[in-house]
Structure formats: structure tokens, C-alpha cells
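Could you walk me through how the chains of this assembly meet? Let's take it in questions and answers.

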There are 4 protein chains.
Amino acid sequence: MKALVTGFEPFGGESVNPALEAVLRLPLVLDALEIATAPLPSVFGRALVALEDALVTTRPDIVLCVGQAGGRAELSLERVAINVDDARIPDNDGQQPIDRPVVVGGPAAYFATLPIKAAVAALREAGLPAAVSNSAGTFLCNHVFYGLMNEAAAGGRFRGGFLHVPYLPSQAARVPGAPSMALEQIVEGIAIILQVAATRADDLAVSEGALS
Amino acid sequence: MKALVTGFEPFGGESVNPALEAVLRLPLVLDALEIATAPLPSVFGRALVALEDALVTTRPDIVLCVGQAGGRAELSLERVAINVDDARIPDNDGQQPIDRPVVVGGPAAYFATLPIKAAVAALREAGLPAAVSNSAGTFLCNHVFYGLMNEAAAGGRFRGGFLHVPYLPSQAARVPGAPSMALEQIVEGIAIILQVAATRADDLAVSEGALS
Amino acid sequence: MKALVTGFEPFGGESVNPALEAVLRLPLVLDALEIATAPLPSVFGRALVALEDALVTTRPDIVLCVGQAGGRAELSLERVAINVDDARIPDNDGQQPIDRPVVVGGPAAYFATLPIKAAVAALREAGLPAAVSNSAGTFLCNHVFYGLMNEAAAGGRFRGGFLHVPYLPSQAARVPGAPSMALEQIVEGIAIILQVAATRADDLAVSEGALS
Amino acid sequence: MKALVTGFEPFGGESVNPALEAVLRLPLVLDALEIATAPLPSVFGRALVALEDALVTTRPDIVLCVGQAGGRAELSLERVAINVDDARIPDNDGQQPIDRPVVVGGPAAYFATLPIKAAVAALREAGLPAAVSNSAGTFLCNHVFYGLMNEAAAGGRFRGGFLHVPYLPSQAARVPGAPSMALEQIVEGIAIILQVAATRADDLAVSEGALS
């Protein structure tokens, strides 16, 4: 079984991206799971090209894309990707799309096909703060997550999902009040998610819903 | 031109719902717009039946469903409804669905068709805190919003959207640190949204996106 | 019986200060309580001169100073004033003191002598979000609160306290996610605090403590 | 030169206290600084007895008491201790004092005498989120901090301060949305504070103030 894990390059004026840092520290093999990794440019469009290349090259069974969620305190497994790019800040090429579809003619949304609730339960069991999130935003993370699930729908033979991770402590040190997570724990969290995804297809039937 | 505005009955142990209170205080006519209102039971399934009844009875051009978002500080216009019920607490009939579709076989999501960014701009212009939100949660608000847009897609001749409103001050007085909004301002906010929706079909091309 | 209520002029780039707006809308008489009001300049030092002038002129039994706490959701009655000026931003005269005592040689702190817990209970009873706060910050609000209680300690025959109020909705409309409170409710809240202060000297023995 | 560092035993239903865990992992010597540590019971009164015992036994030059601040994201160096116990929850002996002085007849407050701003600057420099805090609450942390500084004022020959630390990740895993910090980073942070305190008596003249 093979997993592909992607991480974005730094954006928004940061010199580091916790997602990419963590992805680059994953082992090559985890139990019976082979792990391939790919950095993605923090650029609309080009990120999807790089993702497709990696999919073609690695032919994974499981794909987890990982991105930074500055301001969140938990490892957040995203439930849904929506077909809209609405950029609050420019990407690394200066593009700032507004209300543009990720895929013209694509469905309004895709749901993750990894067992996100089982993963959240396993993360908490391991002592890592974790949650299901109902919005991946409307910037590059959602863009790549949507693109990934669109590939899956178009015949991809993989299951996919998206993980948002907190700032690293060194990033949060410059943002008053911002929560953070140590790099070791982000790496450990990704490994746990991959292991859960590799060992079960169905998800846990537990509530992780939000009232609003 | 006619608008239908709905509000939920109290739920979750509250004795009041700011959405319903506000909806019941709307005028019958606003400029050239006739306004019909309907209370919705805070019950999965039955809420949609009541909504459909109101749609049949009033034949509106514009529909705005309104719900309580305890903990939010702003009038939040929702961008997207997703096809999942995942209840963190039981509804008023004791139902607590987990990861069940709102509409079996329905698309993963629907986008609002009201001009939400123009409405947010008008609300702010009027001195009311407002935002575009990318998640209506997975409880009754999302349930009704999805059901509404599914009706629209199934031949309804209306444009639709969903508004989340903060606690009333009297509710927030029992929840340490919770933000609130005066009833008069929620009523005023709904009126502004309806006026914007009545006077323009297209939306503003301004960013209201979220990074994550 | 006579009360003096003060409110600051706008600062920090704002064109309005909810404290001053509310204070100016207080009635001249409330039950048996006469109410005098005074605006205070948002300037270190000069604010205390204006406060002393108002104390001399009005000879109050009760003094409530009121200030803006952007970001807070509740009416916050302050428990303690500390003898330090540490300004995060410049005041309206461009002064930005760092770790300077409010009163050279003064004690490290003064406690409010108004019945703050009874006031918080009465505010909540009236449906207004309220709390006891253990820090008035280190800017002008704490400066005036400390100066006030120093006057009381130096022979002033009044009881005194400080109230922090949220942004007005029109201010919060320009600060994403910021909570706010309607002006009418801030005015009502101040009146309730004054009535409680006028009718009891001792405080309620209920916990309003903070763990950290 | 000798430092005493204290940490509280778990309280409030927790089975672990990040403060104590970190303190127990400090080295015995740090550069030229000898480090003694002491656990404190999470009990009003008895905590101060244990603190006094440790002061007598170790005769330190520097004292840093450390406590848990569930909900905070940063290492928070406290500026001021106030003379009040107001317990939101019972301590480990079931005591829940309300508005009782820590020391009868003591001054209203004491300021920390460690260089807290220099320490915050050094922590951030090392990539650790840190802040000056203007309230240590009104529970056991403030109680011990006040008691410590009262000892210093009564002839103690040490400089003293208090550090609030976030939840450990394993604690935050059970509190939705709560920020946390890895134990290694808390330990590192304490060491940095001690080193700064050992090498300078005066503080940095930089603003770390709060508006409210």
C-alpha cells in the first residue's frame, strides 16, 4: 500500500510552512505503508499541476494533503472541499482570484474519503489535540483539496483527505495569542492519520458535528 | 416581489431563539418587497416539511432562512450548504443523526444564490458587524439551508440564502465571554439583506475569503 | 446622593468612544441619585487633571469611570487598578509611557470599592452580559482607575470603580470577529450599576474568580 | 547563584499539571545557576507553607513559581499578584474562598521583581510564544505568587516571579479548541527565563502593555 503526502511551500510572508516541514520528516515506510511526499507551490493552478504530477508518478492508494491553518490550535481533518477560490491575500505568484471555481463545471463540493473521525479519535487517544473541521477555507488549501478529490472522482483509485495544522511555535512567537504545535507532534499526527487510513476504509459513527 | 423569511424555534435548552424573535418583528412590507415569515421546528426532517409548506403557500422570489449561531459575534451570511447531518446535540424531538445525508442522492453541496457579499457590504455600511461564513455547521441550520437550495435546484423559482445571527444579550448573559447582538440590530440586519437581495441579482466581486 | 460618571474621548484612531457616548446619554436623575458626567481626554496625566476637576466640582458619593475595551463581549467591572502605565499605543498627545508609575510612591494597587459582584448579578438579571475583570490593562483606563482610587485613599469621601464596555456595533463592523454591544444596552448597564452602588455598600459573597 | 522553581500538583480534575511536569525535568545546574525544585500542593494555605519551607531550605537568589493556565497559548510571565483569593472551583482540599485576602493586612498587590520583559524577548527569540500578563487570576497561582512576593518584601533576599504555562497537548486533546504546548518547550522556556533572570537585574524598557 502506498501513501502520497503533500505540503505547501511557505506563503503569506512566512519563511516556513509547518505542513511542508512535517511532511519532509515523515519516514519512507510506516508499518506496511510506503510513503511518498511532494512539496506543492503556494500558487493557484500550479499547485494542482504539481499534485497531478505526484499522483501520476506515485500512483498512491491514500493521499493526504497538508496545509497551515494559522490561528487553529488542533490538527483539523477537513470534511469537505468546495468549488470556489476566494483569496484573502495574494498567492506566491501574486494571483488573488475572487469567487472563481476551482474546476469549471465541477460539482459544488466533494467530501473527504479518508476515515476522518476514526483518525481524530486515534489522534486524541495519542494525546494530540484534533478535530473534524467543516471548512478548509477558500484559499490554497481548499483549492488543492478540491482538486485532489476531483481527480479521485475522475477515476483516481485513491482515497483522499486534507489536514490543517497549527503554526509552529516559532511562527506563533510573532503573532500575539496565536496557538501552536511542536513539529514533532505534527509529524506524529500525520503518521497516525496515515496508519488509520491504511487499516480501515469505513469511518467511525460518532458525532463530530458543529451547531453552526 | 415577495420574500419568505424563516426562523427556528428555540433549541438546545434555550427558551428563546434570536432568529425567530427577529423574524417575527419584520414588517409586512419593505419598500416594494412583501415579506412573509414562517417559524420552523428545530427538528430534522420536520423543519424541511414546514419550509416546503411555506414555499408552496407564499411562492417567494427570495428566501432567507435565519438561525442562531451561539458564539459568533457577527451577522454571518453563509456561502454553502453541505449534504450532511451530523448532530452534536439532540434536536427537539431527540433525534441525533450522524453523517446522514440531508437529501439522499443529492449533490455534496449548494451555494447560496443571494448576493451575500453585497449584503455584507451593506450591513457594514449600516454599522452592523457582518461576515461571509464558509460553514453553516452540520446541525439544523445547514439542514434547512441545504433543503432550501435543493428545492431551488428542483425547479424553485426563488433565490435563497442563510443567515446566522449571534445570541441575544439575555442569552449571552448566561454564557461567560459569549458575544451577542441586540434584537433591534438583528431585525435591521435582516431588512438590509432583503433590500439588497431585492435590488440586485449579481454579487459584488470583492474578497471575503478565509485562508483556512 | 450624587454620582459622577466619566467617559473617555475617542482614541487609537477611532472617531467614537462607546464609553463617552453612553455617559452622555445618562439621565440627570436616577431614582434618588443625581448624576453628573464628565468627558476625560485620552491623554496620560491630563485625564487625571480632568478627573480631579470633576471630583472637586461635583463632590460625588459614587464615581464610576467608563472606558472602551475593544475585543471584550461583556460589561466588565474591574476589580483592581495597578500602579503602572505601559502603553501599547500612543495616547492622543503622542505619549507612550513604559513601566512608569501612575502615582510615584503610590501603592502597587487599589481595589474597587463599589459592589462589583452585586452589580454583575444585577446586570445579568437584566439580561446584559457582564463579568468581573481582574485586569484593567496598563493604558489609560487603568491610569484613570488608579488615579481615582488614589484620590479616594487620600481623603476622598466617595466609593469608586471602573467599567469596561465593548465596542459599538459600528466599530466592530470594521474589526473582523470583534464582539459589540448596542449603545442603549451600555447606557442601561451603567444605570443599573449606579442603582446597585447607590443602594448597597457591601458586596455579594459569590465567586467571580478566574483560574488564571 | 541559586534558583528555586516550584510547580503545582494537578487540580481541577486533571491527572497531570504541565507546570509540575516541566519543573521536574529541569537540570540541576544551568550555566552557573544551581536549580532547586519543589512541588506545591494545590491547596490554599498549604501551598504557601510548602513554599516557605522550600525558601528556608534552599535560600535562593531567584524564585520562579510555575502554574497551569488552561486556555492560554503562550508562556505568560505575570506582572502583578493581588491580595485576594476568589476561587471559581474548589482546591484539592475542597476549600473555595471568596474575596478573602491572601495575607491579612498585606498590600493590595506586589509586582514581579524578575526581568519579565527581557525574559519574554528571549523566549520569542528562541522561537517560543510568550507574553507579559497583567493578571494571574484569583486562584492558587495568584495566591502563591502573592505569598512569594510577600516573603520577598518581608526580608527575603530573592527576586521572584510567576510563569503561567499552557495545557500539555494530552490535556488539550480533551478540551475542544484549547491551545497547548509541548512539555519540551515548556522546560526550555523555564530554563531561558532562569538564565535571563540570573544574568540581569534590570528589565528591558519595551512596551508589553494591554489596552484593556
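The questions below cover chain symmetry and one interface.

This is a predicted model, in which local features need pLDDT of at least 70, side-chain atom pairs count only at pLDDT 80 or more, and totals for chains, interfaces and linings use all residues. Residues are numbered from 1 along each chain as its sequence is written, chains are lettered from A in the order in which they are written, and side-chain values use heavy atoms, leaving out hydrogens and water.

Q: Which relation superposes chain D on chain C?
A: Superposition here is by least squares on the C-alpha atoms of residues with pLDDT of at least 70 in both copies. A rotation of 180 degrees with 0.0 Å of shift along its axis brings chain D onto chain C, with RMSD 0.0 Å. That is therefore the relation of a two-fold axis.

Q: How much area is buried between chain B and chain A?
A: Buried area is the accessible area (1.4 Å probe) that two parts lose on being put together, summed over both. Carbon and sulfur atoms give 61% of the area buried between these two chains, and the total is about 2,700 Å².

Q: Which three residues supply 24% of the area that chain B buries against chain A?
A: No other three residues supply more of what chain B buries there. They are Arg88(B), Leu211(B) and Ser212(B).

Q: How many salt bridges are there between chain B and chain A?
A: A salt bridge is a side-chain nitrogen of Lys or Arg within 4 Å of a carboxyl oxygen of Asp or Glu. Asp99(A) forms one with Lys117(B), their closest N and O atoms being 2.9 Å apart. The count between the two chains is eight.
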